[in-house]
Amino acid sequence: MGFDDKNKEGEEESAPVCEGKKGGIADSDSEIEHEVHENKVSRQMSESSMYTTEDEDEDENTNKIELGPQCTLKEQFEKDKDDESLRRWKEQLLGSVDINAVGESLDPEVKILSLEIKSPGRADIVLPIPEDGKPKSPWFVLKEGSKYHLKFTFQVNNNIVTGLKYTNTVWKTGIKVDSMKEMIGAFSPQTEPYTHEMPEETTPSGIFARGSYSARTKFLDDDNKCYLEINYTFDIKKEWQAI
């Protein structure tokens, strides 16, 4: 569920970009070398690679941060009592959490309760979250050139979750066409669910943009612990699907 405003009609042909390329304008030699590599990628990738790539797995392993020993929520609250600013930050983060009622669990638990796609002038698209993380195809249908954003609710239990983030990668005919990562933040355990809304995006438009896409969405923390992974397909069509 991620497209930026740069996806326009006719750019579908240029979508298969070398994943190792960074932003900026290449010189002529680099462009030629990139085009050769791009053709190799186009030939080698297939539908069997729609949900994963070696580069993506390597990125996850490379970016993993060693955070040191974990503490229970009670231990975290008791640490650094003499640091006034840190104490106030902890109190603000924990809010009205009953430290004694949380328990002695080291690992936070994050449960995604609901996912919705919101588009101006349209009824919200409520997305069912299957137990196995593989909803029926297509999971949803979007109209080309339409504005939309994702809204979700989640609950945190046991301990503070830090660096909670949302990632989404999209493929078309086996070629990665979009990838995004949104940092959500740190959250303490509480009985009431949290709500987060993603920035507004616009679906691509034009004959080359229409069709079926495959995608993978993940919710992870700063230790790369995955709380939910959904592998799904969706369609972009000329008109909205009839309700």
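1. Two strands are taken to pair if DSSP finds at least two bridges between them, and the strands themselves (E, at least two residues), like helices (H or I, at least four), are DSSP runs numbered from the N terminus. On that basis, strand E9 (residues 211–220) pairs with E10 in the antiparallel sense over 10 bridges, and within this ladder Thr217 has Ile230 of E10 as its bridge partner. The two strands form a hairpin with five residues between them, and Asn224 in the turn has a positive phi of about 60°.

2. A word on the basis of these remarks: this is a predicted model, in which local features need pLDDT of at least 70 and side-chain atom pairs count only at pLDDT 80 or more, while totals for chains, interfaces and linings use all residues. Residues are numbered from 1 along each chain as its sequence is written, and side-chain values use heavy atoms, with hydrogens and water left out.

3. Strand E10 (residues 226–237) is mostly covered, since nine of its 12 residues are buried, where buried means under 20% relative accessible area, exposed over 50% and partly exposed in between (1.4 Å probe, protein chains only). Strand E3 (residues 140–143) runs parallel to E10 and is joined to it by four bridges, with Phe140 standing opposite Phe234.

4. The wider arrangement is an open sheet of five strands in the order E3-E10-E9-E5-E6, with mixed pairing. Its edge strands are E3 and E6 (175–187), each of which pairs on one side only. Strand E5 (residues 161–172) pairs with E6 in the antiparallel sense over 10 bridges, and Tyr166 has Glu182 in E6 as its bridge partner.

5. The whole structure contains 13 aromatic pairs, counted where rings of Phe, Tyr and Trp (its six-membered ring) have centres within 6.5 Å, with planes under 30 degrees apart called stacked, over 60 edge-to-face and the rest tilted. The rings of Trp139 and Phe140 are tilted, because their centres are 6.0 Å apart and their planes stand at 50°; Trp139 counts as buried at 8% relative accessibility, as does Phe140 at 3%.

6. Phe154 and Phe187 form an edge-to-face pair, because their ring centres are 5.0 Å apart and their planes stand at 85°. Phe154 lies in strand E4 (residues 147–157) and Phe187 in strand E6, so this pair ties together parts that are 33 residues apart in sequence. Phe154 is buried at 1% relative accessibility, and Phe187 is buried with a relative accessible area of 14%. Both belong to one aromatic cluster, whose members also include Tyr166 and Phe219.
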